[in-house]
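Visitor: Please pick a single loop residue and look at it closely with me, and then follow the threads that lead from there to other parts. I would like the reasoning along with the values.

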Amino acid sequence: MKTKKIHLIIFGTCSILFLIQCNSGTSEVMRSERLVDIGTHNLRVVLSELKSDYTIVLEAGGGKYSDAYKMIQDSLAEVSGVSVISYDRSGFGQSELGPSKFDGLAEVNALKKCLEIIGHDEKYILVGHSYGGLLVQLFTAKYPELVSGLVLIDPMNVNFVDTFGLDNLNAVTPYFESPEEDWQKAANRMVDFFPETIKIIRGVDLPDQIPVVLLTSGIQPIPGNLWRECHEEMVKKSENHKLIIAEGNNHDIPEENPYLVMNTILDLVRKLNE
């Protein structure tokens, strides 16, 4: 186990050094924040921009928003030479709540429209944690031609929901009886429309041709090995897909181990540039 961790650290360091060499002389990163009107409501977007072929899009976990990636966003852009975008999903952070009917596909389409409006409309490297990991799977299923690579961070997935059971999952998911704040309403809406989101993506595998790296927590959020087994099942069908165990980390990998997340993304960028 110790050897595995050491190799991961060395591997990540090599990725950073490789990309620093490849991107020496890269234009300075332009950081900005803005509210983007997508027609139904405004989404807050955080941009670390420079001229690049790809766009890295950071999708936070359920109930979280762009701040989940604040420790790595600018550094990731500088080292990779790729524009990086994070945002607050509808109702969270500084984004407006939006429509009352808003399932996972509506979330995906809101993000797609937002990215198009700000001038980033293809060649996405999608990074998603937990529920955000489910959303980027759905985005890829609906718009595979726009996606160049995926990093899934301890992602929610259909296999787990179907095996563990939706009722059991709801029993451990917070729900607000009298929501007053937008984020509480958004959290309840996410739970209410979760079955529909699962229905939309059920039976859809990750595309074989798209490179996928799945980071799974070393300390699983559910007792037993079901969580890990479902992640292993997700990546076993293609040589382009691989699993990395975040040894010693719980479910909140982006906040517990942001540099593991950063190094994993950097390695995928390196692979795409080979």
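Guide: Let's start at Asp154, which sits in the loop between strand E6 (147-153) and helix H5 (158-164). The model is predicted, so please read everything here as computed from that model. Asp154 counts as buried because its relative accessible area is 0%, and the cut-off for buried is under 20%. Its backbone deserves a look too: phi of Asp154 is near 45 degrees, a positive value in a residue other than glycine. Why is that worth pointing out? Most residues other than glycine have a negative phi.

Ser130 makes a good companion to this loop residue. Ser130 is not a glycine either, and its phi is positive, at about 55 degrees. The setting of Ser130 is again a loop, here between strand E5 (124-129) and helix H4 (131-142). With a relative accessible area of 12%, Ser130 is buried.

What about the cysteines? Cys114 is buried at 1% relative accessibility, and Cys230 is buried with a relative accessible area of 5%. A search of the whole structure finds 0 disulfides, so no two cysteine sulfur atoms lie within 2.5 Å of each other.

From buried residues, let's turn to charged pairs. Side chains of opposite charge can pair when their charged atoms come close. Across the whole structure, 13 salt bridges are found. One of the pairs is Asp205 with Lys237, whose closest N and O atoms are 3.3 Å apart. Asp205 is in the loop between helix H8 (194-201) and strand E7 (212-217), while Lys237 is in the loop between helix H9 (226-235) and strand E8 (241-246), so this pair ties together parts that are 32 residues apart in sequence. Asp205 is partly exposed, with a relative accessible area of 49%, and Lys237 also counts as partly exposed, at 49%.

Next to Lys237 in numbering comes Lys236, which has a partner in Glu233: their side chains meet in a salt bridge with an N to O distance of 3.0 Å. Lys236 counts as exposed at 57% relative accessibility, whereas Glu233 is partly exposed at 30%.

Another pair joins Arg31 and Glu33, with 3.7 Å between the closest N and O atoms. That value is inside the 4 Å limit, so the contact counts as a salt bridge. Arg31 is partly exposed, with a relative accessible area of 46%, and Glu33 is partly exposed at 44%. The two also belong to a network of salt bridges that links Arg31, Glu33, Arg44, Asp74 and Asp88.

Asp37 gives us a charged residue in another role. Asp37 lies in strand E1 (residues 30-37) and, at 51% relative accessibility, counts as exposed. Together with Glu96, Glu180, Glu181 and Asp182, Asp37 forms a negative surface patch. Patch members have no salt bridge, so Asp37 plays a part unlike that of the paired residues above.

To finish, here is a thread that spans some distance. Leu272 lies in helix H11 (residues 258-273) and is buried, with a relative accessible area of 19%. Between the C-alpha atoms of Leu272 and Asn168 there are 39 Å, and the two residues are 104 residues apart along the chain.

Definitions and conventions. Residues numbered from 1 in each chain as written. Predicted model: local features only at pLDDT ≥ 70, side-chain atom pairs only at ≥ 80, totals over all residues. Heavy atoms only, no water. Patch = residues over 30% accessible without salt bridge, like charges linked within 9 Å, V, L, I, M, F, W, Y side chains within 5 Å. Areas by Shrake-Rupley, 256 points an atom, 1.4 Å probe, with all protein chains shown as cover. Lys, Arg positive; Asp, Glu negative; His and termini not counted. Charge placed at Lys NZ, Arg CZ, Asp CG, Glu CD. Helix = DSSP H or I, 4+ residues; strand = E, 2+ residues; numbered from the N terminus. Buried < 20%, exposed > 50% of the residue type's maximum accessible area, 1.4 Å probe, protein only.
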